[in-house]
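Let's take a walk through this structure, one strand at a time. Have the sequence handy as you go.

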Amino acid sequence: MNDFAAIDFETANAHRSSVCSVGVVIVEEGRITDTFYSLIRPIPDFYSYYNTAVHGLGPHDTASAPTFPEVWHHIAPRLKSLPLVAHNCTFDQGCLRAAFEAYGMPYPDYTFHCTYRTARKKLGKLLPNHRLDTVAAYCGFNLKTHHNALADAEACARIALCLL
């Protein structure tokens, strides 16, 4: 697969709709041609200790951030009709659906591919685990800022180019 959009969300709390940042990496003809990152004011707008401990974002980061519909207005045109790729796409697809639902937006029928499932299938016991940073390293990408949505989306794009 040479044309796709890798996407990653971070959430503020256990609600999938609480996306607080998004990273998107557009790949065309096997090359990264565009990237996008934004903080998002989550809905519901509160942060759990666990989520903040994972990604480092808190209420002070997103208090004046745009809402999901405002951010998606900038992302949607970049996606064109590209399939979406995510590492553990069940999570990211769930976040996307929940955010659309929370704002009463009609959900487009996006096609998702999962680099986590692909890594488990293709690499099996070759790796100690199939976490994003482990698989990215196998594919030659050093994920220095894990849980930054754009860095994670780029790692996912590199994995997709390597394995899909």
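## Across from strand 3

Start with Val25, which sits opposite Thr35 in strand 3. Ile26 has a partner there too: it stands opposite Asp34. This is a predicted model, by the way, so keep that in mind as you look around.

Zoom out a bit and you'll see that strand 2 (residues 19-28) and strand 3 run antiparallel, joined by eight bridges. The two form a hairpin with two residues between them. Glu29, in that turn, has a positive phi of about 50°.

## The other side of strand 2

Strand 2 also pairs with strand 1: eight bridges link them, and they run antiparallel. Here Ile26 turns up again, as the bridge partner of Ala5.

Is strand 2 mostly buried or exposed? Nine of its 10 residues are buried, so strand 2 is largely enclosed by the rest of the structure.

## The whole sheet

Put the strands together and you get an open sheet of five, in the order 3-2-1-4-5, with mixed pairing. Strand 3 (31-39) and strand 5 (112-114) are at the edges; each has a single partner strand, so one side of each has no neighbour in the sheet. From one strand to the next, the twist averages 25°.

## Helices on the sheet

Which strands does helix 3 lie across? Helix 3 (residues 68-79) crosses strand 1 (4-11), strand 2, strand 3 and strand 4 (84-86), and runs at about 175° to strand 3.

Helix 5 (residues 115-123) packs on the sheet as well, touching strand 4 and strand 5. The direction of helix 5 makes about 40° with that of strand 5.

Terms used:
Residues are numbered from 1 along each chain as its sequence is written. This is a predicted model: local features need pLDDT of at least 70, side-chain atom pairs count only at pLDDT 80 or more; totals for chains, interfaces and linings use all residues. Side-chain values use heavy atoms; hydrogens and water are left out. Two strands pair if DSSP finds at least two bridges between them. Helices (H or I, at least four residues) and strands (E, at least two) are DSSP runs, numbered from the N terminus. Axes are lines fitted to C-alpha atoms, for helices over the stretch in contact, and angles run from 0 to 180 degrees between N-to-C directions. Contact means heavy atoms within 4.5 Å. Buried means under 20% relative accessible area, exposed over 50%, partly exposed in between (1.4 Å probe, protein chains only).
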